[in-house]
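Please work through the following exercises with the sequence and the model side by side, trying each task before reading its solution.

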Amino acid sequence: MVFFIIILGPRISERALELLNLPNDGVPKLLLDIGCGSGLSGETLSENGHHWIGYDISQSMLDIAVEREVEGDVLLGDMGQGLGLRPGVVDGAISISAVQWLCYADKSSHEPRMRLKAFFGSLYRCLARGARAVLQLYAENMNQSEMIMTYAMRAGFSGGVVVDWPHSSKARKEYLVLTCGPASLQTALPKGKGEDGEMCSDEDDSDDDENQTVGVYERNRPRKKLKVNKKGKSKGKQWVLKKKEQMRRKGNDVPPDSKYTARKRKAYF
Amino acid sequence: MRLLTHNMLSCNIKGVTNGFPLKLEADKWVTKEVDLNADFLRGIFPKIEWSALLAAARALGFAELPEQADASMLSSDDFLRRFHHALLELHVEEGALVCPETGRKFPINKGIPNMLLHEDEV
């Protein structure tokens with residue numbers, strides 16, 4: 001079991017780092033590794049030249065990380081208690097197979113919802129504007145996925161889910177890709193890996209044609225627009241007054257006209 | 001734990017309004033040399049709370065940082081070396097981080113700060 005994780009681990013963290021979409025400027029960034037364990041995923045970050053701070057709730061796992069002399073600093077902490085970092089200081093965050101644990105009631109008996117709220121709230125705050133968090137997770141069921149997504153959105157994140165190898169029960173991986181700030185071209189998600197019916201092999205990292213991106217969640221709804229008729233003219237005051245008169249003649253209860261009737265309002269609310 | 005990390009940490013206890021900076025009490029620390037990357041230093045500088053870095057470095061016996069720092073100093077190799085050393089080369093192995101508001105101590109063992117909050121602190 002441990003062997004399996006060591007082989008696949010770096011591959012998953014490479015993908016998570018890729019999904020962070022960091023600028024390709026050769027400048028090391030300051031990243032978080034949430035649920036860093038013994039430092040396997042953190043090593044991927046170090047190999048790519050970045051500095052990182054790791055969080056884990058297991059002292060024994062962190063002891064191993066220290067023994068292995070990982071280059072990042074590791075902290076013993078519970079992400080459900082909040083990350084305790086200053087606002088806007090982190091350039092990106094990854095998490096491999098850890099965030100789903102927030103959905104389970106932990107020994108302190110605090111509600112999962114409070115923990116999800118504390119985690120995502122503190123994560124959002126500590127990320128720089130436009131920075132991403134990529135959380136690879138194994139949600140037990142749709143309820144968990146949705147709960148996690150809901151609290152991420154409430155904290156202010158926009159984003160969605162990238163699914164690699166959706167048709168392979170063994171290889172399937174879900175990455176929750178969150179951006180700190182409103183949705184924009186920069187937050188557009190890449191396509192998931194995997195082609196219909198094809199067996200995925202560990203060696204095969206080629207881009208496949210059939211791609212899957214599942215569920216993009218926009219935090220901001222589209223702006224309301226002025227109603228326009230077929231000629232592209234907006235329905236003005238005259239039209240409104242005429243309509244109201246028509247309704248009155250029909251016998252409907254219509255508010256009296258005033259200086260406020262069909263007054264120009266801002267195009268968006 | 002390096003001072004880069006210390007500079008980012010803030011006390012998370014419920015009700016605490018200003019948990020930064022955590023006071024550094026160091027019983028054991030070591031120096032580990034790493035390559036200097038000027039790009040990284042210039043990029044991280046705006047995010048560093050200088051007075052917190054200054055105080056933490058002094059707690060580790062490193063008094064070579066200027067009292068105040070501004071971005072113009074980043075063109076000086078000498079300044080970059082000192083900044084680099086304080087930020088990335090000093091590792092606290094044993095000691096504690098102390099909340100400035102409550103006095104609560106978060107112990108550091110084997111370089112790992114224990115930031116776990118008690119039941120009543122959440």
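The exercises below go from conventions to single strands, residues, helices and cores.

**Conventions**

This is a predicted model, in which local features need pLDDT of at least 70 and side-chain atom pairs count only at pLDDT 80 or more, while totals for chains, interfaces and linings use all residues. Residues are numbered from 1 along each chain as its sequence is written, chains are lettered from A and ligands numbered from 1 in the order in which they are written, and side-chain values use heavy atoms, with hydrogens and water left out.

**Exercise 1.** Describe the secondary structure of chain A and the surroundings of its strand β1.

*Solution.* Begin with the elements, where helices (H or I, at least four residues) and strands (E, at least two) are DSSP runs numbered from the N terminus. Chain A has six helices and eight strands, and along the sequence they follow the pattern α-β-α-β-α-β-β-α-β-α-β-β-β-α. Next, take burial, where buried means under 20% relative accessible area, exposed over 50% and partly exposed in between, with a 1.4 Å probe and protein chains only. Of the 269 residues of chain A, 46% are buried. In β1(A), residues 30-34, five of the five residues are buried, so this strand is largely enclosed by the rest of the structure. In a regular strand the side chains alternate between the two faces of the sheet. Accordingly, L30(A), L32(A) and I34(A) point one way from β1(A), and L31(A) and D33(A) point the other way. Finally, look at pairing, which requires that DSSP finds at least two bridges between two strands. β1(A) runs parallel to β2(A), residues 51-56, and five bridges join them; the partner of D33(A) in β2(A) is G54(A).

**Exercise 2.** Is V177(A) buried or exposed, and which residues does V177(A) touch?

*Solution.* First locate V177(A) in strand β7 of chain A, residues 173-180. V177(A) has a relative accessible area of 0% and is therefore buried. Then list its contacts (heavy atoms within 4.5 Å): leaving out residues up to four places away in sequence, V177(A) touches several residues, including L19(A), A133(A), G159(A) and L189(A).

**Exercise 3.** At what angle do helices α3 and α4 of chain B pack, and which residues meet there?

*Solution.* Two packed helices are described by the angle between their axes and the distance between the axes. Axes are lines fitted to C-alpha atoms, for helices over the stretch in contact, and angles run from 0 to 180 degrees between N-to-C directions. For α3(B), residues 50-59, and α4(B), the angle is about 70° and the axes are 10 Å apart. Angles under 35 degrees count as roughly parallel, over 145 as roughly antiparallel, 65 to 115 as roughly perpendicular and the rest as oblique. The two helices, α3(B) and α4(B), are therefore roughly perpendicular to each other. At the residue level, W50(B), L53(B) and A57(B) in α3(B) meet F79(B), F83(B), A86(B) and L87(B) in α4(B).

**Exercise 4.** Which residues have the most contacts inside the largest nonpolar core?

*Solution.* A nonpolar core is a set of buried Ala, Val, Leu, Ile, Met, Phe, Trp, Tyr and Cys residues joined through side-chain atoms within 4.5 Å. The largest has 77 residues, and those with the most contacts inside it are L32(A), L83(A), F119(A), F120(A), L123(A), F83(B) and L87(B). Apart from this core lies another, of 23 residues, with L17(A), L19(A), C36(A) and I96(A) among them.
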